[in-house]
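Subject: Structure handover

Hi,

Here is the structure I promised to pass on to you. Have a look at it first, and then read my notes underneath.

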Amino acid sequence: MKQAVLFIVSLLLLTTVTLQAQRSSSDGWTGFSLNQLETMSNSVFTLLDADENGSITLDEIDFFKEESEEPLNEEEIVLRQRRLNLVNSYFWTEEEIDTFKVGDTNGDGSMNRDEYDNLESSVRTHVLKLGIESLDTDKNGSVESKEFSAHLENFDEWDSDGDGTIGREEMREISDRRFHTDIRRRWAAREDLSGEARRRLVVERERRAAESERRATTEREDD
Ligand SMILES: [Ca+2]
Ligand SMILES: [Ca+2]
Ligand SMILES: [Ca+2]
């Protein structure tokens with residue numbers, strides 16, 4: 001499935017970025033305390049809670065749905081890209097999905113032209129819904145900050161030597177995707193982009209997007 005492949009590719013890219021960021025700031029680094037991790041997780045939450053009402057809802061993370069006609073400026077593109085990366089690693093689920101069933105939105109057992117054209121978006125929405133459900137422990141339909149940071153309850157388990165921080169070795173043992181997303185967000189926030197750097201980033205992302213679009217087209221033609 002293309003979505004899944006895209007996700008894995010972006011996760012790999014981001015993991016590399018995280019590791020590089022860790023390496024470059026290695027001097028005197030002792031690890032992440034629970035406090036620091038909470039701050040990072042909160043900053044991810046804030047970035048995704050677009051209307052700042054204290055909970056994340058589907059419409060805030062499914063922003064492909066309402067493709068605006070208005071062209072985005074560079075700042076908006078960068079922000080959108082950051083949010084997209086965070087959404088992909090926070091809300092994506094590995095659950096098996098019956099693509100046909102999800103795509104058949106009127107449930108008549110076949111896929112019409114409209115349903116086919118919207119298949120990608122239907123699947124994406126469905127996956128994000130599952131992601132919200134998996135975090136929404138009080139089942140009120142949205143993810144509040146406490147639910148969002150629930151993974152940090154594993155801190156004591158992660159801190160296997162019990163020194164109160166998650167060190168490099170301990171980080172390698174943690175498979176929780178949300179933990180790594182929090183860390184990555186810290187890196188993204190530190191890199192305060194402005195002027196030329198931002199422009200270059202945008203150009204590079206556009207280039208990569210065009211490249212992956214080209215690859216997807218080639219794959220389709222090969223089919
Ligand atoms: Ca909200
Ligand atoms: Ca909730
Ligand atoms: Ca530790």
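Below is what I found in it, going from the overall picture to a few single residues.

First, a caution: this is a predicted model. The protein has 12 helices and four strands. Of its 223 residues, 16% count as buried. If you take the contacts with a separation of 6 or more, 74% of them join residues that are 24 or more positions apart.

Now the core. The largest nonpolar core has 21 residues, and the ones with the most contacts inside it are Ile-61, Val-87, Phe-91 and Leu-128. Helix 2, helix 4 (74-91), helix 7 and helix 11 (177-190) are the elements that give two or more residues to this core. Ile-61 is a good place to start looking: leaving out residues up to four places away in sequence, Ile-61 touches Leu-48, Ile-56, Val-87, Phe-91 and Leu-128.

Next, helix 2, which runs over residues 34-48. With 15 residues at 1.5 Å a residue, helix 2 should span 21 Å, and its end C-alpha atoms are indeed 21 Å apart. Which residues of helix 2 are buried? They are Leu-37, Met-40, Ser-41, Val-44 and Phe-45. Looking down the axis of helix 2, you'll find these buried residues within an arc of 140°, so they line one face of the helix. On the other side of helix 2, Asn-35 and Thr-46 are exposed.

Helix 2 also meets helix 4: their axes come within 10 Å and cross at roughly 115°. The crossing is left-handed. On the helix 2 side, the contact is made by Val-44, Leu-47 and Leu-48, and on the helix 4 side by Arg-82, Arg-83, Leu-86 and Val-87.

Helix 4 itself has 18 residues and reaches 25 Å from its first C-alpha to its last, close to the 26 Å expected at 1.5 Å a residue. Its buried residues are Leu-86, Val-87, Asn-88, Ser-89, Tyr-90 and Phe-91. Helix 7, at residues 119-135, has 17 residues and also reaches 25 Å, close to an expected 24 Å. The buried residues in helix 7 are Arg-124, His-126, Val-127, Leu-128, Gly-131 and Ile-132.

Two loop residues are worth a click. Most residues other than glycine have a negative phi. Glu-52, though not a glycine, has a positive phi of about 55°. You'll find Glu-52 in the loop between helix 2 and strand 2 (55-56). Is Glu-52 buried or exposed? Glu-52 is exposed, because just 6 other C-beta atoms lie within 10 Å, and 12 or fewer count as exposed. Lys-139 also has a positive phi, near 55°, and is a residue other than glycine. Lys-139 lies in the loop between helix 7 and strand 3 (143-144). With 7 other C-beta atoms within 10 Å, Lys-139 is exposed.

Last, a pair from distant parts of the chain. Phe-155 lies in helix 9, which covers residues 155-158. Phe-155 and Leu-34 are 121 residues apart along the chain, yet their C-alpha atoms are separated by 6.8 Å. Phe-155 is partly exposed, with 17 other C-beta atoms within 10 Å.

Over to you now.

Cheers

Note on methods:
Residues are numbered from 1 along each chain as its sequence is written. Chains are lettered from A and ligands numbered from 1 in the order in which they are written. This is a predicted model: local features need pLDDT of at least 70, side-chain atom pairs count only at pLDDT 80 or more; totals for chains, interfaces and linings use all residues. A residue is buried if 20 or more other C-beta atoms lie within 10 Å of its own, exposed if 12 or fewer, and partly exposed in between; C-beta atoms are placed from the backbone. The expected span of a helix is 1.5 Å times one less than its number of residues. The arc is that of the directions from the helix axis to the C-beta atoms. A nonpolar core is a set of buried Ala, Val, Leu, Ile, Met, Phe, Trp, Tyr and Cys residues joined through C-beta atoms within 7 Å. Two residues are in contact if their C-beta atoms, placed from the backbone, lie within 7 Å. Axes are lines fitted to C-alpha atoms, for helices over the stretch in contact, and angles run from 0 to 180 degrees between N-to-C directions. A crossing is left-handed if the near helix is turned anticlockwise from the far one by less than a right angle, and right-handed if clockwise.
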